[in-house]
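Hi,

Here is the structure I said I'd pass on. Have a look at it, and then my notes below should make sense.

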Amino acid sequence: SLKPVHEFKIGDTFITRPNEALLFDAKLLSDHAYFDLSMITGEVKPIYLTKGQEIKQGAINLSGTTLLS
């Protein structure tokens, strides 16, 4: 079910869909995903992350539905 952003706590699990920006820092729970960090770092190439890696607020999901914590 949907939950307002202000109700999220550290350790909660959530999904992000393609082309959605992360609303807060997170850890990747899916096996792998590509994210666009250009608005954060200026890097034009997407980054490839694997399970357990952290991703910053504002990163844009370029993969399918992705599980994060």
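A quick definition to start: I call two strands paired if DSSP finds at least two bridges between them. Keep in mind that this is a predicted model.

With that in hand, strand 3 (residues 32-36) is a good place to begin. Four bridges join strand 3 to strand 4 (residues 47-50), and the two run antiparallel. Strand 3 also pairs with strand 6, again in the antiparallel sense, over two bridges. F35 takes part on both sides: its bridge partner in strand 4 is I47, and in strand 6 F35 stands opposite N61.

The side chains of strand 3 alternate. A33 and F35 point to one face and are buried, whereas H32, Y34 and D36 point to the other face and are not. That is the textbook pattern, as side chains in a regular strand alternate between the two faces of the sheet.

Where do A33 and F35 end up? Both belong to the largest nonpolar core, which has eleven residues. The other members are F14, L22, A26, L28, L37, L49, I55, A59 and L68. Nonpolar side chains do tend to be buried together in soluble globular proteins. F35 has a long contact list: leaving out residues up to four places away in sequence, F35 touches L22, L28, P46, I47, L49, I55, A59, I60, N61, L62, T66 and L68.

On to the charged pairs. The structure holds two salt bridges. In one, the side chains of K3 and D12 meet at 3.0 Å, N to O. K3 is partly exposed, because its relative accessibility is 34%, while D12 counts as buried because it comes in at 17%. The other salt bridge is between D25 and K56, with the closest N and O atoms 4.0 Å apart. This pair links distant parts of the chain, 31 residues apart: D25 sits in the loop between strand 1 (14-16) and strand 2 (26-27), and K56 in the loop between strand 5 (54-55) and strand 6 (60-61). D25 has 46% relative accessibility, so it counts as partly exposed.

One last residue for you to look at is G58, in the loop between strand 5 and strand 6. At 24% relative accessibility, G58 is partly exposed. Setting aside residues up to four places away in sequence, G58 touches A21, L22 and I40. The C-alpha atoms of G58 and V44 are separated by 14 Å, with their positions 14 residues apart along the chain.

Cheers

Definitions and conventions. Residues numbered from 1 in each chain as written. Predicted model: local features only at pLDDT ≥ 70, side-chain atom pairs only at ≥ 80, totals over all residues. Heavy atoms only, no water. Buried < 20%, exposed > 50% of the residue type's maximum accessible area, 1.4 Å probe, protein only. Core = buried A, V, L, I, M, F, W, Y, C linked by side-chain atoms within 4.5 Å. Contact = heavy atoms within 4.5 Å.
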